[in-house]
Amino acid sequence: MGRQVVFSGLQPTGNIHIGNYLGALRNWVRLQDEYDTIYCVVDLHALTQPQDPVVFERERLEAAKVLIAAGVNPERSLLYYQSKVPQHTELAWILGTLTQMGNLNRMTQFKEKSGQGSANLGLYSYPVLMAADILIHHAHKVPVGEDQTQHLELSRDLAERFNRRYGEEFPVPEGIIPEVGARIMSLQDPAAKMSKSAENLGSRVLLLDDPDTIRKRILRAVTDSGTGITYDWEAKPGITNLVEIFSLFTDTPIGEVVNEHSEKQYGEFKLLVAEAVIDGLAPIRRAHAALEDEEVKRIMQKGALDARSSAEGFQVGVREKVGLGG
Ligand code: AQP
């Protein structure tokens, strides 16, 4: 049997932060050793929020560049823009005909985002397009952060529903959600996840932030009352978030981090966290600075060609099954 297929996507909106990195992207890079990996800049998903076309086009290229700088290797992974592979939207339509509105009404991300004033049809059907992204490549595994579990569940349901109605077509995809780092919290509000769209820039560290900015953001992170470095999401979510970040950037198990630093003052520990993040992100910053826009554009064009041909290979079978073959 050939290698299993991994698929995941990232929206090119705003700047990629360490939550995206620790929850998903870092795993994307590692999984390249073991799987056939397919990664997508999901630009159509990003259009569910209003975008300035000029800024958006730049951010899209920038997202691709950051992915490559972070270690997605175009020689080992298929990397492309979602909008360049129309089979995604074709399959999304077919899957949409199998989706109950009740399934979509329950989606917490839709409830949250539509509450912020942009309740368009695209936002509502976002999880169906995400299911198509995954299923179009017959992916087996999907590395994502915890916020995507509900969407992933729908992808699994839709794969099963399609297979039942039309005959076996799709593997039922499984999530790869890290035990630590699946939900990195805001540095300003440890009750909310770190998010690209949060207004307060102090809430996150971006992958390309310079060392001074990183130090400033971490030192100003909201911590809890009391003293001592512990791992306790209930009692000390602020410091616990920093313990997770430190553990991941230094590849040290949580228990060891806590044992070693339990007596430290918050300020002292924050300095260590900041240095660990600075060191961990330095290679990405360097790789990013060395990448030319034109090179990234070429990589993305080649990726789109390959992805179209692979997606079309699968989509032929889907069309035949539903009676759209001839
Ligand atoms: N805080 C987080 N901790 C761990 N993982 C996270 N992810 C997002 N936030 C965290 C994971 O990053 C991947 C790419 O996310 P996305 O670009 O599809 O957008 P998102 O999930 O909507 O992420 P953001 O950054 O929080 O954007 P907004 O502000 O628009 O909601 C996904 O695998 C996601 O799980």
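Reader: How far is a nitrogen atom of the ligand from a polar backbone atom of methionine 194?

Author: Keep in mind that this is a predicted model. A polar contact here is a pair of N or O atoms within 3.5 Å. The ligand nitrogen and the polar backbone atom of methionine 194 make such a pair, and their separation is 2.9 Å.

Reader: Which residue has a side-chain N or O atom 2.5 Å from an oxygen atom of the ligand?

Author: Asparagine 20 puts a side-chain N or O atom 3.1 Å from a ligand oxygen, so look elsewhere for the 2.5 Å pair. That distance belongs to a side-chain N or O atom of serine 197.

Reader: And how much of the ligand's accessible area does the protein cover?

Author: There are 21 residues around the ligand, with Asp147, Lys193, Ser195, Lys196 and Ser197 the closest. On its own, the ligand has 640 Å² of accessible area, and the protein's share of cover is 96%.

Reader: Switching to helices, at what angle do helix 7 and helix 8 pack?

Author: Helix 7 spans residues 121–135 and helix 8 spans residues 149–166. Their crossing is right-handed. Among the residues in contact are Tyr126 and Met130 of helix 7 and Leu154 and Leu158 of helix 8. The axes sit 9 Å apart, and the angle is about 65°.

Reader: How many charged residues are in the contact of helix 10 with helix 12?

Author: These helices, residues 237–250 and 266–290, pack at about 35°, and the crossing is left-handed. Contact residues include Phe246 and Phe249 of helix 10, plus Lys270 and Val273 of helix 12. By class there are 13 nonpolar and two polar residues, and the charged count is one.

Definitions and conventions:
Residues are numbered from 1 along each chain as its sequence is written. This is a predicted model: local features need pLDDT of at least 70, side-chain atom pairs count only at pLDDT 80 or more; totals for chains, interfaces and linings use all residues. Side-chain values use heavy atoms; hydrogens and water are left out. Axes are lines fitted to C-alpha atoms, for helices over the stretch in contact, and angles run from 0 to 180 degrees between N-to-C directions. Helices (H or I, at least four residues) and strands (E, at least two) are DSSP runs, numbered from the N terminus. A crossing is left-handed if the near helix is turned anticlockwise from the far one by less than a right angle, and right-handed if clockwise. Contact means heavy atoms within 4.5 Å. A residue is near a molecule or strand if one of its heavy atoms lies within 4 Å of it. A polar contact is a pair of N or O atoms within 3.5 Å; within protein, one must be able to donate a hydrogen and the other to accept it, and residues adjacent in sequence count only if both atoms are side-chain atoms. Accessible areas come from the Shrake-Rupley method with a 1.4 Å probe; for residues, only the protein chains shown count as cover. Ala, Val, Leu, Ile, Met, Phe, Trp, Tyr, Cys and Pro count as nonpolar, Asp, Glu, Lys and Arg as charged, and the others, Gly among them, as polar.
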